[in-house]
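This briefing introduces a single molecular structure through a small number of its features. Please look over the sequence and the structure before reading on.

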Amino acid sequence: MQAMFQDNIQFNQPISSWALTRLQDGRAMFNGATRFNNNLCAWRSSLNTGAVVNLMFSSTDCESTSDPVFTNGEWVGPF
C-alpha cells in the first residue's frame, strides 16, 4: 500500500472499515492526497505492529498528520 493514494487530489472515499492487520508498508500512503479527510480512527486497533507508516498521513486533511508510533504495546497518533 506504499504511496497508494499519493498525490491523488481527487480521492476522498470512506475506507475506515479496511482491516490493516497485514499491512507491511503504508509509507506515504496519503502523502499529497489533499482532498482526503475521512476519519481513520478505526485503523488504530487494526494496524500491523510491524508496519512501516512514515508519512502515511502527511498532506491530508486528517486532524493530525503526524506519523503514528508503536509504543508500550499500542499505536499512538495520529488518531
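Where is the place of Met1? Met1 lies in the segment before α1, a helix that covers 43–46. The model is a predicted one, and the points below concern a charged pair, the surroundings of one residue and a patch on the surface.

**The salt bridge**
- The structure contains one salt bridge.
- The partners are Asp25 and Arg27, whose side chains meet with a distance of 2.5 Å from N to O.
- Side chains of opposite charge can pair when their charged atoms come close.
- This pair counts as a salt bridge because the distance of 2.5 Å is within the cut-off of 4 Å.
- The side chains of Asp25 and Arg27 also make a polar contact, at 2.5 Å.

**Burial of the two partners**
- Asp25 has a relative accessibility of 18% and therefore counts as buried, since buried means under 20%.
- Arg27 is partly exposed, because its relative accessible area is 34%, a value between the limits of 20% and 50%.

**The surroundings of Asp25**
- Asp25 is located in the segment before α1.
- When residues up to four places away in sequence are not counted, Asp25 touches Met1, Gln2 and Val52.

**The nonpolar surface patch**
- Met1, Met4 and Trp18 make a nonpolar patch of about 270 Å² on the surface.
- Met1, a member of this patch, has a relative accessible area of 37% and is therefore partly exposed.
- Met1 is also one of the residues that Asp25 touches.

Note on methods: Residues are numbered from 1 along each chain as its sequence is written. This is a predicted model: local features need pLDDT of at least 70, side-chain atom pairs count only at pLDDT 80 or more; totals for chains, interfaces and linings use all residues. Side-chain values use heavy atoms; hydrogens and water are left out. Buried means under 20% relative accessible area, exposed over 50%, partly exposed in between (1.4 Å probe, protein chains only). Patches are made of residues with over 30% relative accessible area and no salt bridge: like charges are joined within 9 Å, nonpolar side chains (Val, Leu, Ile, Met, Phe, Trp, Tyr) within 5 Å. Accessible areas come from the Shrake-Rupley method with a 1.4 Å probe; for residues, only the protein chains shown count as cover. Helices (H or I, at least four residues) and strands (E, at least two) are DSSP runs, numbered from the N terminus. A polar contact is a pair of N or O atoms within 3.5 Å; within protein, one must be able to donate a hydrogen and the other to accept it, and residues adjacent in sequence count only if both atoms are side-chain atoms. Contact means heavy atoms within 4.5 Å.
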